[in-house]
Amino acid sequence: MKQISYTADQISLPPSPLHWKRFRPHMVAVCLLLLVPLFIKSTYVIDLLILCNIYAMFLSSWDLLTGYTGQISFGHSLFIGSGAYTAGILSFYFQVPILITVPLGGVVAALFGLLLGIPCLRLKGPYLALATFAASGVLAALTAVFWEYSGGEDGLYGIASVSANYVVKYYWSLSLMIVICGFLLFLVNSQYGLILQSIREDESAAEASGINVTRYKLITFVLSGFLAGIAGAFYSHTQMHVGTDQFSLHLSIMVVLMSVVGGLGTIVGPIVAGFLLILLNEWLRVIEVVRVLIYSFSVVLILLFIPKGIVPTVISGIQKGIEKMKSPARS
Amino acid sequence: MLTLLEILVYGAVQSAVYALLAIGFSLIFGVAGVVNLAHTGFYMVGAYLIYTFFSVLGLNLYFSLILAVGLTGVLGMLVQQFCIKPLIKSEYSVMIITVALAMFFQEVLLSTYGPVDRNLTNFYDATYKLFGLVTIDAQRLITLIVAIILIAFLWFFIKHTRFGRAIQAVAQDNEGAIFVGISPNRVYLQVIFISAALAAIAGALIAPTLGARPHMWEHPLVRVFICVVLGGLGSFEGTILAAVIIGYTEVIVSFCLSSYLGELVAFAIILFVLTVRPTGLMGKRAVS
Amino acid sequence: MKSKTLVIGVMLLFGFLLIGAGAVYAEKVIKIGVSGPLQKEAGIGDKNGAELAAKEINEAGGILGHKVELYFADDGARAEIGINAVKKLIFDDKVDVITGGWLSGVGLAQANHIFDAKKLWLNVGPATPKLVNYVKQDYDRAKYFFRVGCVNSDMFAKDMVFFARDFYKDKMGLTKLALLPESSVWAREMARYLQPHFAKAGFEIAYMDVFDPKQTDFSPQFSKIRRSGAQVLFTIQAAAPGVPLTKQWADTKLPVHQAGYSLASQVFNFWDKTGGKCYGEVTQLINGGRAPITDKTIPFYDKYVETFDISPTYTAFGTYDALYLLKAAAEKCQSLDTDKLIKTIEGMAFPGTAGLIKFNKYHENVYGPEGKQPVWVQWQGPKKMEVIYPFKWKTADYITPPWIK
C-alpha cells in the first residue's frame, strides 16, 4: 500500500494510525531524554530540561486547540494560570499534597475551558484571539483585585516543592510530559483528530456531514484546558511560586510563537521548537546584552525562510530526500 | 456637574489617543488583511525619532515632526515589502513576525538610547481651564484637537478622493481592483505608509506626557488590538466607536471606582460585546 | 629508541611542572552573585554598588586573600525571571554568596531556591515585612537571609509619619493629606499601615486611591484631589515610572505639595526624565543619601557620582555595604564558612554607608538612630537633591512649588 503523507497545513491521513513504526523517531527521542541525567550532571542543564518538558505540555495542549481545531487562542495562559493558582492556593493555605493539587489544577482549568468555550463558539480568527486574551486578562486583573488572597503581583511563594533533588524533579516532569504528549499524539492520530481537522478546514461542511461541531469544539476547549492546567499546576510546584506572570499575555504569546515556529497542527512541532527556543534563549545569555535582539531576529528569519514551521519543513525535506534516493532515474 | 464635564473632557482626550493609534492599525487590516502587531512599534520609533530631532538636536518642531513621521512611514513600507508580503498567506506568521519586529525595534532602541526614560519636551507649556472649570494642560489639549482633525481628514480622504476609493476597492475585492487597473501592492505600500505615519504622529503627541522608553510599545498594542477587533475588523467607524467606549470606560471607572480596575472592566466589556456580536460592534468583513 | 623515550620523559616532566606551577598560582576566589533588575535604576544601582566595592576590596587584597569575583543575573523585576536568575547564579556560576535585589515579590519567590541551596543571602532591595517571616517560622532553613539594604516598609512608613508631622504639620501647619499608593502589594500594605498612624499624628486623609503602575493619565485622581482640599500629596511608588505623575502634577499646576516614596525620584536622571518638572518634589531615601549619616556616607556618595555620573540608588548603598559587611565578618571569624559567617554577622554592629548595620533576631536591620535612618530630600535643581529632614542633616531650606500660594 502506497504511503501517503501530507505536510501539516493539509489534512494528515495516517495510513495505519497507530502503527508503531511511525513513532520510531519519537521513541528514540524519549529514550535519549530518559538517559540524559546519566550523562549530564549539571543541575543547571537539568533544570532547563525540566522547563522544556513543562513547556512541551503547554505548547502541545495549545496545538490541539489551535493547530488541529483552528480555534486561534491568544489566552492559553488562562488555562496555565488557573492550574498554577489552584495548586498554589491549595498548597499555600491548606498544605494539600502535590498528587492532589496537580489533577485538581487540571480540573479547574478544564472548567474554565468550558466557560470560555461557550461564548467562543461563534467567534473566529482575530475575534476569537481577542476573546481568549480578554478572558486571561480578566483573571490577571482579578488577582490584583483580590490581592490579599492571591498575593497580588507578588504571588504566592513557599509552595510545596516536587522534590529537592533535581534529577527526581526531572523524571517527574519527563513522565508527565510523556503521558500528556503521548496521549495527545494518540488522540490526533485517531478519528477524533480527523474530525478536529475537518472542523478547522471547513466548519459548515463538517456540520453538514453530520459532525456535532459544537460538541467537539467544547470538548477540545475542555481537554486543552485540562492538560494545560495540569502542566501549570506542576509548574508552580517546580518553581515553588505562582504569580500573575502565569496569567500574562506574554506567556500566551510565547506559546503562540514557539508553536508557530515549530509547525502548527503537528503536536511534535511545537514540542521540538519549545526545546530549541528555550535552549537557544539560555545559550544566548552568554551575550546577555543583545540576547532579545538576536532571539527576535532569529524568529523573524525562521518565519521568512521556513514559514510552515521547523518540523513540517524538516519532514518534507527528509521525504523529498528519500524520494530522490529511491528514483534517481527520473529527473 | 463638574465631574460630568471632567469625565467628558478627559474621556475625550483618552479616546482621541486610542483612536489615533487604532486607526492606522484598522486601515492596514481593512485593506490588506494584515494584523500588523508592529504598529505600536512604529508609534515608539516615531516618539524616539522626534525626541532625537527636537529634544536632542534642537531642530525646529515642525521640521522634526515631518522628518520623524516621514521616516517612520518609510520604515513601514520596508516592513511591508520585506517582512509582511512574503508571509501574507499565513495570518499567524504575519502576527508573529510583526511582534518579533516590534521586539527587534525595542532592542535596537535599547542599545542606542539605554533603558532610561527619555523626556520629550512639550510642544507648548501652558495650563488651561476649559469651560472655566476643567483643568487641562496644553499638550493634551493639542493631542485632542490634532487627533480629531486627523481622523476627520482621513475619513474624508477615504470616502471622497480617488486615492481613497482605490483603497476601498482593494479592501473590498482584491482581484476586482486589479481588473480596473489598481495595483494592490502599491496600495498596500501607500496604506502602510499612512498607517505608520499616523502611529508616529501619535507617538510625537503623547510621548511628552509619558516619556519614551524601549518597552512603550507593549501596553498600547493591547489597547489598539482591542479597539480594532471590538469595533469590527475593517470598519473605520467601528474602530473609532470602540476607542471611544474604551477611553470613556477607563475614565469613568477611574472616577467612580478606582483607576486600577479600568482593565478589568474593559475586558469584561469585550467579552460581553463579543458574545453578543461575534464580528464586533460594526464588523462587516467576514473572517474566514 | 632511547632518545625518543628521553624526549617523551622530558615533555612529561615539563608538563607536570607546568601543572604543578598552575596549581600553586591558582587564584583563591570568592564568587558573589548579584541578582537585580539590571535594566532599571534599582538594578543598575545593585550592579554599580557591588562593582565599586569589589574593585576597592580587591585593590586592598580581597577578602581573606580571596579575590572577589562578581556574577550578575538580571531578574527582570519579575518573580519568574528572578527565580531563573538565582538558579543560574547557584548552579551555573556556582556563587558562594548572593546579594542584590529590588522588588519584594521577586525576593519572596527567590527565597526558597536560595534556602534550598544553602547560600548566604545578603538581601538588599525588598522592603516587605513578609521576607522576615521565613526566618521567624523556620530559622534553620532561612537563617541564610539578612536584610542588609534597607529597613522593612513598616519602618519607613513610621518614618514617613514622623517626617510629615515634624515638617508639614509642625512647621507649616498643613494637616490635610492625599495618599496615592501604587497597586503593588507592599505599597498597599504600607498605605494600610500609614492610615491609622497618620490619623493618630493629627492628620486628615482627605483622599486616597490606588493606581496601576502602568497608568498614564492622572486627571481623574488629580481632579478629585483638587476637590478634596488636600494640601500635601504622599505617593508610594516603585514599579511605577514616576514620570507621568510628576509631569502632570507640574503641567496642571496641582495645588498640593508632593512628597512620598518614589524610587524614580531618587535618581539624578529624574530631573532630565521629567524635563525639570520635579522641581519641588520631595522624596524619601530609605537607605542612604548625601548626608553625614555615618563617616562613610558622603565620601561614598561623591565617589559613586564621580565614577558612574549618576546618584546612587538605595540598592547601590546596599550592595556596597553588603560586600564590605561580608569582608568584615570574614575577617572577624577568619573563615569563609557559611555557617560561621552567619553566626558572626548576627552579632555585628557594622558602620555602613547608609547607617549602622546591626541585626535583630530576625535578621533585619535595626531602624532608628541606633541603626538605619531614612533621609528626606527635595529637588531644587539639576543634580540638586537637598536634604531637608532630619533637621540635623539639613543642607537647604524647603522650597514651596512656585504655583502654590
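Here are some worked exercises on a predicted model with chains A, B and C.

**Exercise 1. The contact between chains A and B**

Work out how many residues each chain gives to the contact, and which helices of chain A supply at least two residues of its side.

*Solution.* Start with the totals: chain A puts in 32 residues and chain B puts in 34 residues. Next, look at the chain A side. Helix 5 (125-145), helix 11 (249-262) and helix 13 (291-305) of chain A each supply at least two residues there. Helix 5 of chain A has the largest share, with 13 residues. Finally, sort the chain A side by class: you get 27 nonpolar, three polar and two charged residues.

**Exercise 2. Two packed helices in chain A**

Describe how helix 4 and helix 10 of chain A pack against each other.

*Solution.* Two numbers do the job here, because packed helices are described by the angle between their axes and the distance between the axes. First, find the pair: helix 4 of chain A covers residues 98-120, and helix 10 of chain A covers residues 213-239. Their angle is about 145 degrees, and their axes are 6 Å apart. Then add the handedness: the crossing of helix 4 and helix 10 of chain A is right-handed. Last, check what the contact is made of: 18 nonpolar residues, 10 polar ones and one charged.

**Exercise 3. The largest nonpolar core**

Find the size of the largest nonpolar core and the residues with the most contacts inside it, then follow Ala231(A) to its partners.

*Solution.* The largest nonpolar core has 333 residues. The residues with the most contacts inside this core are Leu130(A), Ala231(A), Ala47(B), Ile96(B) and Ala200(B). Chain C takes part too: domain 1 (29-151 + 294-358) and domain 2 (154-285 + 374-393) of chain C each give the core at least three residues.

Now pick Ala231(A) and leave aside its neighbours within four places in sequence. Its contacts are then Ile54(A), Met57(A), Phe58(A), Ser61(A), Ile80(A), Gly83(A) and Ile180(A).

**Exercise 4. The two domains of chain C**

Say how chain C is divided, how far apart the domain centres are, and how the domains touch.

*Solution.* Begin with the split: domain 1 of chain C is 29-151 + 294-358, and domain 2 is 154-285 + 374-393. The C-alpha centres of these two domains of chain C lie 28 Å apart. For the contact, count 12 residues of domain 1 of chain C against 12 residues of domain 2 of chain C. On the domain 1 side, the elements giving two or more residues are helix 2 (41-59) and helix 4 (104-117) of chain C. By class, that domain 1 side holds six nonpolar, five polar and one charged residue.

**Exercise 5. Where chain B meets chain C**

Which elements of chain B each supply at least two residues to the side that touches chain C?

*Solution.* First the totals: 21 residues of chain B are in contact with 28 residues of chain C. On the chain B side, the elements you want are helix 1 (2-32), strand 2 (134-137), helix 8 (184-210) and helix 10 (236-256). The classes on this side of chain B come out as seven nonpolar, 11 polar and three charged.

**Exercise 6. Ile66(B)**

Is Ile66(B) buried or exposed?

*Solution.* Locate it first: Ile66(B) is in helix 3 (residues 61-84) of chain B. Now count neighbours. Ile66(B) has 12 other C-beta atoms within 10 Å, so it is exposed, since 12 or fewer is the cut-off for that label. As an extra distance to check, the C-alpha atoms of Ile66(B) and Ala19(B) are separated by 21 Å, with their positions 47 residues apart along the chain.

**Exercise 7. Backbone oddities in chain C**

Locate the cis peptide bond at Pro390(C), and then place the positive phi angles of Lys253(C) and Lys383(C).

*Solution.* The cis bond joins Tyr389(C) and Pro390(C), with omega about 0 degrees. Pro390(C) sits in the segment after strand 14 (384-389) of chain C.

Next, Lys253(C): this residue is not a glycine, yet its phi is positive, about 50 degrees. Lys253(C) lies in the loop between helix 10 (243-251) and strand 9 (257-262) of chain C. Lys253(C) counts as partly exposed because it has 13 C-beta neighbours inside 10 Å. Helix 10 of chain C, by contrast, is mostly covered, with eight of its nine residues buried. Among them are Leu245(C) and Trp249(C).

Finally, Lys383(C) has a positive phi of about 65 degrees, and it isn't a glycine either. Look for Lys383(C) in the loop between strand 13 (375-381) and strand 14 of chain C.

Notes
Residues numbered from 1 in each chain as written. Chains lettered and ligands numbered in written order. Predicted model: local features only at pLDDT ≥ 70, side-chain atom pairs only at ≥ 80, totals over all residues. Contact = placed C-beta atoms within 7 Å. Helix = DSSP H or I, 4+ residues; strand = E, 2+ residues; numbered from the N terminus. Nonpolar A, V, L, I, M, F, W, Y, C, P; charged D, E, K, R; others polar. Axes fitted to C-alpha atoms, helices over the stretch in contact; angles between N-to-C directions. Left-handed = near helix turned anticlockwise from the far one by under 90°. Core = buried A, V, L, I, M, F, W, Y, C linked by C-beta atoms within 7 Å. Buried ≥ 20, exposed ≤ 12 C-beta atoms within 10 Å, placed from the backbone. Domains from an automatic or database assignment.
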